[in-house]
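Q: Please take one part of this model, look at it closely, and describe how it is built and what surrounds it.

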Amino acid sequence: MRIELPPEEHSVFSKKWNQEWGRSPMAFFVNHIHPVRSVLLDYIDEHCFTYTIRKGKLLLKAGEFCHHLYFVRRGVLRAYIQEDAKEITTWITAEEEMVTSIRSLFDPGQPSLENIQAIEDCELVGAQYASLQYAYDHFIEMNIVGRKLLERYYCDAEERAYISRLNRAESKYRHFIHTKGRLVNRIPLKYIASYLGMTLETLSRIRSKIR
């Protein structure tokens, strides 16, 4: 069944999302992944929201239940797990990507294993899990978007697994530069070293050698 929204709501979207395209960044992102009908874009505009988080603050704490997913409009975030006094960075993400606890979001009975922290001041656009499920149920093309997103993030997970299996620290860092080079100067070295599974001293030596 085709869902039509009242015409008067369309002007609300334009005022709420005051930008040249006239849509929310979330809607633009979805439509970029796979072209969708305007009625779905209207639904996304209506059911997403802006959210800002300051550098160093946590978007989600380990042990909490995750009910939202976020599109990163500006900024860099990382996930980390705590092992005794040590923080182990598990992933790093930035603009034009999605952020959530996949384990907790898609298995509502499970809490997040990771903390999600802003490395920079961040501007996000968020949506509730319930809104995502409604979109899957009522807009067939949203399922194509979801499949393509899962393919993308499965590839990212494979990249992380690949790095973890490299034995040479220099190979790990070179691969990091190849895949996330645009972020090298935006991320504190201690987080990069943790993500790559090496000490800060080792990373500093490698960087000096490469220079």
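A: Two strands are taken to pair if DSSP finds at least two bridges between them, where helices (H or I, at least four residues) and strands (E, at least two) are DSSP runs numbered from the N terminus. The model is predicted, so that local features need pLDDT of at least 70 and side-chain atom pairs count only at pLDDT 80 or more, whereas totals for chains, interfaces and linings use all residues. Residues are numbered from 1 along each chain as its sequence is written, and side-chain values use heavy atoms, with hydrogens and water left out.

A few overall values set the scene. The protein holds nine helices and eight strands, and its C-alpha trace spans about 60 × 40 × 30 Å along the principal axes. Of its 211 residues, 44% count as buried, a class that means under 20% relative accessible area, with exposed meaning over 50% and partly exposed lying in between (1.4 Å probe, protein chains only). Contact means heavy atoms within 4.5 Å, and of the contacts with a separation of 6 or more, 69% are between residues 24 or more positions apart.

The part chosen here is strand β3, together with the sheet that holds it. The sheet is open, with four strands in the order β1-β8-β3-β6 and antiparallel pairing. Its edge strands are β1 (48-53) and β6 (98-99), each of which pairs on one side only. Strand β3 is joined to β6 by two bridges, the two strands running antiparallel, and in this pairing Tyr-70 stands opposite Val-99 of β6. Helix α5 (residues 129-138) packs on the sheet, touching β3 and β8 (122-128), and its direction makes about 60° with that of β8; such axes are lines fitted to C-alpha atoms, for helices over the stretch in contact, and the angles run from 0 to 180 degrees between N-to-C directions.

One residue of β3 repays a closer look. His-68 belongs to this strand, which covers residues 68-74, and His-68 counts as partly exposed because its relative accessibility is 23%. Apart from neighbours within four places in sequence, His-68 is in contact with Phe-49, Thr-100, Leu-105, Ala-127, Gln-128 and Tyr-129. The C-alpha atoms of His-68 and Ile-102 are 9.9 Å apart in space, although 34 residues separate the two in sequence.

A further sheet can be described in similar terms. This open sheet has four strands in the order β2-β7-β4-β5, with antiparallel pairing; its edge strands are β2 and β5 (86-93), each pairing on one side only, and neighbouring strands are turned by 35° against each other on average, direction ignored. Strand β7 (residues 115-118) is covered on both faces, since Asn-115 and Gln-117 on one side and Ile-116 and Ala-118 on the other are all buried. Antiparallel to β7, strand β2 (residues 58-60) is joined to it by two bridges, and Leu-60 stands opposite Ile-116 there. Strand β4 (residues 77-83) is likewise antiparallel to β7, through four bridges, with Tyr-80 as the bridge partner of Asn-115. Seven antiparallel bridges join β4 and β5, and one of the partnerships is that of Gln-82 with Glu-87 in β5.

Ile-116 also leads into the interior. A nonpolar core is a set of buried Ala, Val, Leu, Ile, Met, Phe, Trp, Tyr and Cys residues joined through side-chain atoms within 4.5 Å. The largest such core has 39 residues, of which Met-26, Leu-59, Leu-77, Ile-116, Leu-124 and Met-142 touch the most other members. Leaving out residues up to four places away in sequence, the contacts of Leu-77 include Val-72, Val-99, Ile-116, Cys-122 and Leu-124. A second, separate core of 18 residues includes Ala-94, Tyr-173, Leu-183 and Ile-192.

Cys-122, one of the residues that Leu-77 touches, is buried at 2% relative accessibility. The structure has zero disulfides, a disulfide being a pair of cysteine sulfur atoms within 2.5 Å. Cys-122 forms no such bond because the closest cysteine sulfur, that of Cys-66, lies 15 Å away, which is too far. Cys-155, by contrast, counts as partly exposed at 43%.
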